Every structure is written in C-alpha cells, then in structure tokens.
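Work through the exercises below with the model open beside you. Try each task before reading its solution.

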Amino acid sequence: MAACLQLNAKPLKPLLQPFPSSSNESLKPRAIRCSSAPSPSKRRYSITLLPGDGIGPEVISVAKNVLELAGSLEGIQFKFHEMLLGGAALDVTGVPLPDETVSMAKQSDAVLLGAIGGYQWDNNEKHLKPETGLLQLREALKVFANLRPATVFPQLVDASTLKREVAEGVDIMVVRELTGGIYFGKPRGFSTNENGEETGFNTEIYAAYEIDRIARVAFETARKRQGKLCSVDKANVLEASMLWRKKVTAIAADYPDVELSHMYVDNAAMQLVRYPKQFDTILTNNIFGDIISDEASMITGSIGMLPSASIGKSGPGLFEPIHGSAPDIAGQDKANPFATVLSAAMLLRYGLGEANAAKRIENAVLDTLNRGFRTGDIHSAGTKLAGCKQIGEEILKSVDSQVPAVV
Ligand SMILES: NC(=O)c1ccc[n+]([C@@H]2O[C@H](COP(=O)([O-])OP(=O)(O)OC[C@H]3O[C@@H](n4cnc5c(N)ncnc54)[C@H](O)[C@@H]3O)[C@@H](O)[C@H]2O)c1
C-alpha cells in the first residue's frame, strides 16, 4: 500500500513556467514502452477508478490513458480496477457506495474519481443520494486533508473573470480540512422550536487533534511553496474557530521558516477577488474550504481545469477534479478532461511519490494548451475547439513527444 502525504515534492509549481510549444503534432506510436533513462526496478501500483456519473466516465477514460502512458515512460505499471460509485452504483446495487467499492479502494495504492450526481437522483432520500456515497468514501478512506491548487495558466489568463493584471500569476494552494466540522458534527437534524416552527440545525465542532493534523499538512505544503501560510477562520464569532486559531498559532513554532497569517473568512473571500496574488497557501476548515476553493477556482477561468487531492495519514489517497458530473453536457463529448488529468498528476506526485511521471503529465497539459487545443469552456478566438476525446489524444501526443521530465 502506498504511503500518502508525499509532501516533499513541489506542488504544481512547474505549471507556472510556460512549456515550449511542440512542433511535432504527428501521433507517434503509442505502444507502452520504458523510459530510456536508467530506471530503478519496475514499480507496480493498483489504482481504483471510480468514473461515477455524468461526464465522470468521459474524463476518467482520458485520464486513465494518460496515466498509463506517462507511467510506462517512467517504468511504472498500473493495474486498474473500475468500480461503482454514486448514481451508477445506486442503479445497479441500490446503494451509492457498495461494500465492494470500499474494499477495493482500501486495498489499492490510490483512487481516481470522476464525478457523481445527476438530476435523476436529486429527489432520493439522503442516504440514497450519490453525494452520500462520496462523503462515505472520504470517511472510509480517512482522507482528512484536501489539497486544491488554483493556478492561473498563462495560456488561459483571459478566461479568468478577473482583469488580466489581477489574475496573471495567481498560484494558490487551498488546504481544506475534509472529514470534520459542520458537515459531520453532531447533533444535527430537524426539530421544532417553542413556536412550533420547523428548525434545521448543525454543529461546527473541531477537536484539537483534527486541527493539529491538518495544520501540519498545510505548514508542510507551504514550506515547499513560497513559505507563506494564511489560516482562514471566523475566530471573532465561532468558538470552533477560536480553538482553530489557537492551535494553528501554537504549531507555527515548529515551522519557523513558514510565515503564518490569519484572516477572517469574510475578508478572505473579498481579498481573493481583490488581490489574489497575496496568497500562497491557504489553510481552512471544511465548510470555509468548500466555498473558498470554489471561489479561487473561478479566478483560473474554468472549473474544468482544477484538480484536487485528498490524503490521509496512511492508506490510499483520493484524487478527483473539483467539478461535478455536469449533467448538462454529459454524453456530448464536451467535457474538459484537464482537471481529471491534472488530478492523475496529483495522484502520482502526492499519492505515489512519482514526481517525474507527474511532471510529464503537467508538461503535457501545458504543451497541449500551447498548441492551442481547448474545450468549449475555455475556448476563445484563435484557439482550436476540441471535444473531450480529441483533447485526450492531444495530451497523449504531448506526453509521448516531451523530453523526459526531470524534477
Ligand atoms: N465531487 C463531485 O462529484 C461533485 C462536485 C460538485 C457537484 N456534484 C454533483 O454534480 C451534479 C451537477 O452539479 P453542478 O451543476 O452544481 O456542478 P458541476 O460542476 O457539475 O457543473 C457546473 C457547471 O460547470 C460546467 N462544468 C463542470 N465541469 C466541467 C468540465 N469538466 N468541462 C466543462 N464544463 C464543466 C457544467 O457544464 C455546468 O455548467 C450535481 O448532482 C452535484 O451534486 C458532484
């Protein structure tokens, strides 16, 4: 089983360096072959694939091919196990997370997920919703740390909703606590108040150890980036945030090389659109992280470009694009697969410690963008509109034609 928390590699930094455009656009033979560089013994990994619903199977199919090729060039062999999750699992087994899926995921070295959800399951009872399956999976894998990079690609800077001078050069890593806080806190439920009115309630709660472990992931992450960590909370109002700030401040003593700041979440939401370049690494709780990372994603232009990694203390990590199942474009070959392909790169880097193979994929994404290929969500005048499958083919060409990556 692969050790997780491979935080000793630089996270996605290379993405900010424009890769020289490849002039060779012909499709080279794509037979799986070994790297010409001397490689240590052949590494073998077992990967659970969870295509899920909507565009999930389309983007996973692309990412699987890219993983296979980049891996083979680095002497890595994968064994893939495709399992059911979400609506796809509900339709076949009656539950959103079958036991077989949990068992296979736990046995594997890493898990790559597409997306779950769709209109047809929207009115299901809560325990029979696709989203419940995903939350249960995160809980089962104990992946408490969610890393979400929001990087503005130089080629896509005009796709940002912000002005060029504000968006250009933005490179943020949001480290979000994933298995605690108000999404899981108890008590929760529905009740009736003294006036006989219906109420709904939830509990925002954090234990010290939960703050401690996510804070350490964030400090380690910041240390490998620009060395700046901003912890986002609501310590002026919420007790859970007061404890959060106290613990994070205490842990900072172990990381004298990291510059720690604190910011209230309402201000952070504002600063992200005012001057996002002030942020390097952001640490925050489950609910604030959910919102902040989606906001950060919009700076980059499209939700279809953003990967994520969810990792625990040990055991397999869960890697997935941050977007949903996009039922409005499912089955039309319109999905942007870059986020899932970059999630596969995160799987290699953070889940398996295979930084060279990760770099190959990141470089190939840049090269494909440099050669002008775009799905509809990031298409602009002068670029080449392509479907999900064609983008996949172009990324494979780029993986195949790049010089071996050196990290
Ligand atoms: N992690 C997950 O699997 C996840 C996350 C969010 C939402 N969902 C589920 O997905 C379903 C749809 O939710 P939603 O519409 O709010 O969010 P969504 O992310 O699926 O889609 C939002 C918008 O972005 C577009 N979009 C998303 N990903 C894209 C891609 N790769 N390429 C091009 N365009 C893309 C969609 O077409 C849509 O217009 C719901 O059932 C929701 O619960 C799942």
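Two strands count as paired if DSSP finds at least two bridges between them. The model is predicted.

**Exercise 1. Lay out the open sheet: what is the order of its 10 strands, and which strands stand at the edges?**

Step 1. Read off the order. The open sheet runs 2-1-3-12-11-4-5-10-8-9. Its pairing is mixed.

Step 2. Find the ends. Strand 2 (76-82) and strand 9 (259-264) each have a single partner strand, so one side of each lacks a neighbour in the sheet.

Step 3. Add the twist. From one strand to the next it averages 25°.

**Exercise 2. Examine the end of the sheet at strand 9. In which sense does strand 8 run beside strand 9, parallel or antiparallel?**

Step 1. Take strand 8 (residues 228-233). Six bridges join strand 8 to strand 9, and the two run parallel.

Step 2. Pick a bridge. Leu229 has Leu260 of strand 9 as its bridge partner.

Step 3. Look for a helix. Helix 8 (residues 265-274) packs on the sheet and touches both strand 8 and strand 9. The direction of helix 8 makes about 105° with that of strand 9.

**Exercise 3. Characterise strand 4: how many of its residues are buried, and which strands pair with strand 4?**

Step 1. Apply the burial cut-off: 20 or more other C-beta atoms within 10 Å of a residue's own. In strand 4 (residues 145-151), seven of seven residues pass as buried.

Step 2. Split the strand by face. Side chains in a regular strand alternate between the two faces of the sheet. One side of strand 4 carries Ala145, Leu147, Pro149 and Thr151. The other carries Asn146, Arg148 and Ala150. Both faces are covered.

Step 3. Check one neighbour. Strand 5 (residues 171-177) pairs with strand 4 in the antiparallel sense over seven bridges. Ala150 bridges to Ile172 there.

Step 4. Check the other. Strand 11 (residues 307-311) is also antiparallel to strand 4, joined by three bridges. Leu147 stands opposite Ala309 of strand 11.

**Exercise 4. Describe the ligand shell: which residues come nearest to the ligand, and how does the shell divide by type?**

Step 1. List the nearest. Of 22 residues around the ligand, these are Gly117, Gly304, His323, Gly324 and Asn336.

Step 2. Sort the shell. It holds 10 nonpolar, eight polar and four charged residues.

**Exercise 5. Step back to the chain: how many helices and strands does it have, and what share of its residues is buried?**

Step 1. Count elements. There are 12 helices and 14 strands.

Step 2. Take the burial share. Buried residues make up 51% of the 407 in the chain.

Step 3. Check contact range. Among contacts between residues at least 6 apart in sequence, 78% join residues at least 24 apart.

Notes: Residues numbered from 1 in each chain as written. Predicted model: local features only at pLDDT ≥ 70, side-chain atom pairs only at ≥ 80, totals over all residues. Near = placed C-beta within 6 Å. Nonpolar A, V, L, I, M, F, W, Y, C, P; charged D, E, K, R; others polar. Helix = DSSP H or I, 4+ residues; strand = E, 2+ residues; numbered from the N terminus. Buried ≥ 20, exposed ≤ 12 C-beta atoms within 10 Å, placed from the backbone. Contact = placed C-beta atoms within 7 Å. Axes fitted to C-alpha atoms, helices over the stretch in contact; angles between N-to-C directions.
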